[in-house]
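Biologist: I'm new to reading models like this one. Could you pick one spot, take a close look at it with me, and then follow the trail from there?

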Amino acid sequence: MDIGFSEEQELLRDTARKFLDGECTTKFVREMMASDAAVTADFWQQLAANGWLGITYPEEEGGSGLGLVDLVVLMEEIGRAVMPGPFPATVLLGGTAIAAAGSPAQRREWLPRIAAGEVKASLAVTEPNARWDAAGITATARESRGGFVLSGTKMFVPDAHLADVLVVAARIRDGSTMEDGVSLFLVPKDAAGLGIRRLPSVDETRKLCEVKLDNVAVPGSALLGEVHQGWAPLQQVIDRAAVALSAEMCGAAQRVLDMTVDYAKLRVAFGKPIGTYQGVKHKCADMLVEIENAKSLTYYAAWAVDEGEADAALAVSMAKAAASDAGRKVCAAGIQLHGGIGMTWEHDLQLYLKRAKADEVAFGDASWHRERIARLMGA
């Protein structure tokens, strides 16, 4: 049984690490935290030149045509570098929603431009109820003059203030199930009645926004996919993004462990490096076990989604639950083992802890996914 990465995937990992080590230093990350865009135009164009902005989109639509496993490899390195900017919003969410549900014309209009770095996108799903299931979508859409009028409030929309277009989930009707009646719409940034407000967030390398839809009128061509049938592609997008963020958390946790082990070898207490003490060694071993367990589940989930396995949804939730726990525990343990210096703003550990906390709650935290696992198991 071959459970390793291909030569091409290892090359992707190596080139991504070299690029991020050179172009995405923690000094750059801190500078972007303080900016409204969280990324420079030059850096964004470099991502496009690397082929990262269209990594999973079809080649005929400007992408690289790679799978979720390849994206997982890249996301691990992005997590290791705590890369700032709207990459998840544009590539994992907005762009993937267009790729999953859009008509050929819609995909041709948007995907090549996203892959080229010309436009950014995001996905507006969650609302003040903070639910990730179909029942959480209460924003409404009503048909009017051949188009639609959208109303409601979306919360925690990633980098909406930077997006040229938003994919908005809204409900046109109450169907026989909560999934029935959900539709997806393309809303341009300059649409009348669209209000976007930045929200304070724990991870300032990626911004979160409130999006208000005050009778926003869009034409019929703004409908993404079939009317009332938006939940199935939306769930697909969320599952893929959950796996990608699980990989990012694994990469960040691995980097925290590496930093902690290096520190334990150098920091001397009572005449010996602290790494020689059993309490420190066992804590580092616990961190490694958490990371390797989360990695294994994440890799399997990515493969299962790519292959269309029957247990793909179960694998996704197992990976997200494990990675959410691992990211939180490993980053907290790394700060604890660093002692007082780990609590300072000047040390880079805080960047990883904040990314882990933000990723933990995105697309459902560990508790939410454990509940989903129980439902999928028939419990």
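Modeller: Let's start at F270, which sits in the loop between β9 (268-269) and β10 (272-273). Those labels come from DSSP runs, numbered from the N terminus: helices are H or I with at least four residues, strands are E with at least two. Before we zoom in, keep in mind that this is a predicted model, where local features need pLDDT of at least 70, side-chain atom pairs count only at pLDDT 80 or more, and totals for chains, interfaces and linings use all residues. Residues are numbered from 1 along each chain as its sequence is written, and side-chain values use heavy atoms, leaving out hydrogens and water.

So what catches the eye at F270? Its phi is positive, about 55°, although F270 is not a glycine. F270 also has 81% relative accessibility, so it counts as exposed (that's over 50% relative accessible area; buried is under 20%, partly exposed is in between, with a 1.4 Å probe and protein chains only).

You can spot a matching case at R145. This residue lies in the loop between β2 and β3, and R145 too is a non-glycine with a positive phi of about 55°. With a relative accessible area of 88%, R145 is exposed.

Now let's head inside. The largest nonpolar core has 92 residues, and W52 and F87 touch the most other members. (A core here is a set of buried Ala, Val, Leu, Ile, Met, Phe, Trp, Tyr and Cys residues, joined through side-chain atoms within 4.5 Å.) Helix α7 gives the most to this core, chipping in 16 residues. If you click on F87 and skip its neighbours within four places in sequence, you'll find it in contact with W44, L47, W52, L53, L74, M75, I78 and L92 (contact meaning heavy atoms within 4.5 Å).

Apart from that core lies another one, of 23 residues, with V157, A170, A191 and L194 among them. L194 is a handy way in: it belongs to strand β6, and its relative accessible area is 16%, so it's buried. Leaving out neighbours within four places in sequence, L194 is in contact with L166, V187, P188, K189, V211, K212, L213 and V216. For a sense of distance, L194 and A253 are 59 residues apart in sequence, and 38 Å separates them in space, C-alpha to C-alpha.

Strand β6 (residues 194-199) also brings us to charged pairs. One of them is D36 with R198, a salt bridge whose closest N and O atoms are 2.6 Å apart (the rule: a side-chain nitrogen of Lys or Arg within 4 Å of a carboxyl oxygen of Asp or Glu). D36 is in the loop between α2 (26-33) and α3 (41-50) while R198 is in β6, so this pair links distant parts of the chain, 162 residues apart. Are these two partners buried or partly exposed? D36 has 46% relative accessibility, so it's partly exposed, and R198, at 31%, is partly exposed as well.

Compare that with K154 and E127, whose side chains meet in a salt bridge at 2.8 Å, N to O. K154 is in strand β3 and E127 is in the loop between β1 and β2 (140-144), so the pair ties together parts 27 residues apart in sequence. Both of these residues are buried.

Then swing back to helix α7, where you'll find D239. Not counting residues up to four places away in sequence, D239 touches A313, V316 and R372. With R372, D239 forms a salt bridge, the closest N and O atoms being 3.1 Å apart. The two ends are in helix α7 (residues 231-266) and helix α11 (residues 366-376), 133 residues apart, so here too distant parts of the chain are linked. Accessibility is low enough for both to count as buried: D239 has 12% and R372 has 8%.

Some bridges share partners, and that's how E10, R13, R17, E76 and E77 end up in one network. Altogether, the count comes to 27 salt bridges by this rule.
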